[in-house]
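Subject: Structure handover and notes

Dear colleague,

I am passing on the structure we spoke about, together with notes on what was found in it. Please read them with the coordinates open beside you.

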Amino acid sequence: MENEFDLIVIGGGVLGTFHAYHALEKGLKVAILEKDKAPQSATTRNFGQVVPSGMDTKWQNYGRESLKIYKQLQERFDITARQNGSVYFASNEEEMTLIEELYQINKNNGYQSVLLTKEECLAKYSGLRSDYVKAGLFFPEEITVEPRTMIHRLQAYLIQEKNLKLFTYHQVNHCAVQNGKVEVQTSLGNIFKAQHVIICNGSEFKTLYPELFEQSDLEVTKLQMLQTVPQPSEYVLPGSILTGLSIRRYESFYECPSFKEIKAKENADTPEKKWGVHILFKQAADGSVIIGDSHEYADVKDIDDLGYDIREDINAFMLTEARKIVDLPTYEIQRQWFGIYSQCKNHDVFEHTIDGQIHIVTGIGGKGMTGSAGYSKENINRILM
């Protein structure tokens, strides 16, 4: 078994894999150590939206770079990326004000968006309810991916074309600098060495550096999502559908001049506030529609407080709200699940370097699918400079 590399990435999710990708693009010898048979956490348990439009200015720039990278990869290999745009539907005058202000912000930033009238929204999106939508803001450059498939396709491409070494079932239990190189040992007894190691998995971070982990400002978020049975073949709901609750939640709207005043008027004692719900729709490749999502929070040390069960009351609320927005041909549900991801309370992402060669990069939160490709490009350049 090969065991010496320029870079070892611990964790095969989207954040770790894109760090590996950019190192491989530089011609480095790279390995990923993944504790499971395949990535199965936040990377595969999300909507699969790549929406820089929802990010603040800093992360929108990372997201826009990510869009370029996804599209370049899709030209070489099918990673399920589809450029079908994202739209935000305003349901009242306040949300209309916010999308108009965001339109101007993006115009100044040079990021393309298009204001849609109510009539244009109804014509473009089948089943959209006339009594809900007032106007829309469309981002034509944005894409969707199939989250349960994308990461496996991306890794297959890197293995076939870039000589990535992927080691699965390799839980890391020791990582330290010795004689100028990082030595990594797995629970299987394998030893690997590299000039640099990047840890992109919260599980190994907690195991390897428990005191540092406890001192971090990481928290975890539990999200619930549902998926309908495939809709009739003639029904098409293009791209990512984001709604009024998204407008009131996503970070990009924080930069709108009217946001604070509008936010201050909201009733804090509502189910959508209690459970962090904002209604999203995305039609999957098989014609089914994914609906969600909710957000419940806990400190990392209290992750068990979030429970292992799906809360039916939250799902029932999301379905009730979804029916007020889009009349799908069928709302019969075939699957429901939750995902858990880590994020920082006070920072964009957790970054910490040990002995100049071990780099912990985790807690990217809900920015992972959108921001990882662009952020990792910059971070690899910084680590390997």
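A residue is called buried when its relative accessible area is under 20%, exposed when that area is over 50%, and partly exposed in between. Please keep in mind throughout that this is a predicted model.

With that cut-off in hand, helix α12, which covers residues 368-384, is a good place to begin. Of its 17 residues, 12 are buried, and α12 is therefore largely enclosed by the rest of the structure. Among the buried residues of α12 are G368, M369, T370 and G371, and further along the helix N379, I380 and I383. The helix also bends by about 30 degrees at Y375, and Y375 is itself one of the buried residues.

A second point on helices concerns α1 (residues 14-25) and α5 (residues 147-162), whose axes come within 11 Å and cross at roughly 20 degrees. Since angles under 35 degrees count as roughly parallel, α1 is described as roughly parallel to α5. The crossing in which α1 passes α5 is left-handed.

Turning to the charged side chains, the structure holds 26 salt bridges, and three of these may be useful to you in detail.

In one of them, the side chains of K165 and E2 meet at 3.3 Å, taken from N to O. K165 lies in strand β9 (residues 165-167) while E2 lies in the segment before β1 (4-10), so this pair ties together parts of the chain that are 163 residues apart in sequence. Both partners are partly exposed, K165 with a relative accessible area of 24% and E2 with one of 35%.

Another salt bridge joins the side chains of E141 and K71, with an N to O distance of 2.9 Å. This pair likewise links distant parts of the chain, given that E141 sits in the loop between β7 (135-139) and β8 (143-144) whereas K71 belongs to helix α2 (residues 57-76), 70 residues apart. Here too the partners are partly exposed, E141 at 30% relative accessible area and K71 at 22%.

The remaining example is the salt bridge between the side chains of K263 and E266, at 3.4 Å from N to O. K263 is partly exposed, with a relative accessible area of 28%, whereas E266 is buried, at 18%. Both residues belong to one network, in which salt bridges that share partners join E94, E95, R248, K263, K265, E266 and K273.

Finally, the strands. An open sheet is formed by 3 strands in the order β3-β8-β4, with antiparallel pairing. Its edge strands are β3 (49-50) and β4 (82-83), each of which pairs on one side only. Between β3 and β8 the antiparallel pairing runs over 2 bridges, and V50 stands opposite I143 in β8.

Elsewhere, strand β13 (residues 218-228) pairs with β17 in the antiparallel sense over 4 bridges, and the bridge partner of E219 in β17 is D299. In a regular strand the side chains alternate between the two faces of the sheet. Strand β17 (residues 296-299) has E296 and A298 on its covered face, and Y297 and D299 on its uncovered one.

With best wishes

Notes
Residues numbered from 1 in each chain as written. Predicted model: local features only at pLDDT ≥ 70, side-chain atom pairs only at ≥ 80, totals over all residues. Heavy atoms only, no water. Buried < 20%, exposed > 50% of the residue type's maximum accessible area, 1.4 Å probe, protein only. Pairing = 2+ DSSP bridges. Salt bridge = Lys/Arg side-chain N within 4 Å of Asp/Glu carboxyl O. Bend = angle between axes of the 7 residues up to and from the residue. Axes fitted to C-alpha atoms, helices over the stretch in contact; angles between N-to-C directions. Parallel < 35°, antiparallel > 145°, perpendicular 65-115°, else oblique. Left-handed = near helix turned anticlockwise from the far one by under 90°.
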